[in-house]
Amino acid sequence: ESSRTMATVNLRALTSWVGIARLLAVVLSCLAFSLVASTGHFGGPYGTWCMFTWCFCFAVTLLVLLLELLELYPLLPLSWDDFTSAFSMLATLMVFTSSVVFPATLISSPCSSSQCARQAVATTASCLCFLAYAVEVSLTRAKPGDISSFLSTVPGLLKVFEAYVACLIFSLLDNREYSREPGLMWCVAVYSICFIFTLLIIIFTIGRCLTYIPCPLEKVLVGYNFLALLMYLTATILWPLYSFQGRSRPDSCDANCWWNKNLGVTFLTIFNLIAYLVDLVYSTRMVFFRAP
């Protein structure tokens, strides 16, 4: 009985390179949120976001390790490879954002107190945690020609990136800003429509629902990427045009200033435009130029 129980423990989940990367991510994310929690200084939306990121990534990565260690993941009604690929990409992006946002908004200068030292160590742990997740993404990325798990391919990883950038855009949008111009309202519609469709593709892939779609999926994805690219192209032109037209930057402009937020949205729109362009190129190659 004991040997049968032991047989279900897969130690490779901890000793493989991917397992080691996940273990490092668990330790480093735990270190980051523990140090910041010990300072008691993480109020406001930015501090709360960073703490949520570290706690969320710690909890989910620990769960992934336990499910792989005890070989329980086949019992789950989802595509495990797609789920772990999507999560590691999401965690990479979230921890990277926190590693930039936390020191920029919460570490005061000059840095001399013990509280500041703990914040600095937490930032270092967060940066190393980002590297651990980035290593996991590179280790689990599908090799060229292998499309068994879509979200581990370049187009799949880009889907997670596109959805995440759209979330960042939503966090910067101000209703008073975009409701004054039809051009800006169109841009918000573009961000929303593309986000919803991209999120549905991710959810359907993880939930193994894509097989029920009656049309050839790869060609649908190419068509969607082309439309999303065109829509983002219009947003890339219209957003800065209507946001800054005849309006100069205010003298006192902090992180919550409309000018800085609109500039952030402009850059994030360009990032997503590039992402959809690369996505289109890769997905077109996968569909129409697949090696025989």
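**Reading a helical chain, from one loop residue to two domains**

Q: Where is the place of Glu71?

A: Glu71 sits in the loop between α4 and α5, and it should be kept in mind throughout that this is a predicted model.

Q: What is the phi of Glu71, and how should I read its sign?

A: The general idea is that most residues other than glycine have a negative phi. In this structure, Glu71 is not a glycine, yet its phi is positive, near 55°. Arg208 also has a positive phi, of about 55°, although it is not a glycine either. Arg208 too belongs to a loop, namely the one between α9 (182-206) and α10 (217-244).

Q: Why does Glu71 count as partly exposed?

A: The relative accessibility of Glu71 is 39%, and the partly exposed class lies between the buried limit of 20% and the exposed limit of 50%, so Glu71 is counted there. For the chain as a whole, buried residues make up 42% of the 292 residues.

Q: Which secondary structure does the chain have, and how many helices and strands are there?

A: The chain comes to 11 helices and 0 strands, so that reading from the N terminus on one meets α-α-α-α-α-α-α-α-α-α-α. Its C-alpha trace spans about 75 × 60 × 25 Å along the principal axes. When contacts with a separation of 6 or more are counted, 78% of them join residues 24 or more positions apart.

Q: Which domains does the domain assignment give?

A: The assignment divides the chain into domain 1 (1-147) and domain 2 (148-291), and the centres of these two domains, taken over C-alpha atoms, are 25 Å apart.

Q: How many residues of domain 1 and domain 2 are in contact, and what area do the domains bury between them?

A: The size of an interface is often given as the accessible area lost when the parts come together. Here domain 1 and domain 2 bury about 1,800 Å² between them, with 67% of that area on carbon and sulfur atoms. In terms of residues, 22 from domain 1 are in contact with 20 from domain 2. The rule finds 0 salt bridges across this interface, while 5 residue pairs are in polar contact.

Q: Which elements give two or more residues to the side of domain 1 that touches domain 2?

A: They are α4 (44-69), α5 (80-106) and α6 (114-140), and α5 gives the most, with 10 residues. By type, the residues of this side of domain 1 divide into 14 nonpolar, 4 polar and 4 charged.

Conventions: Residues numbered from 1 in each chain as written. Predicted model: local features only at pLDDT ≥ 70, side-chain atom pairs only at ≥ 80, totals over all residues. Heavy atoms only, no water. Domains from an automatic or database assignment. Contact = heavy atoms within 4.5 Å. Buried area = accessible area lost by both parts, 1.4 Å probe. Salt bridge = Lys/Arg side-chain N within 4 Å of Asp/Glu carboxyl O. Polar contact = N/O pair within 3.5 Å; in protein donor to acceptor, adjacent residues only side chain to side chain. Helix = DSSP H or I, 4+ residues; strand = E, 2+ residues; numbered from the N terminus. Nonpolar A, V, L, I, M, F, W, Y, C, P; charged D, E, K, R; others polar. Buried < 20%, exposed > 50% of the residue type's maximum accessible area, 1.4 Å probe, protein only.
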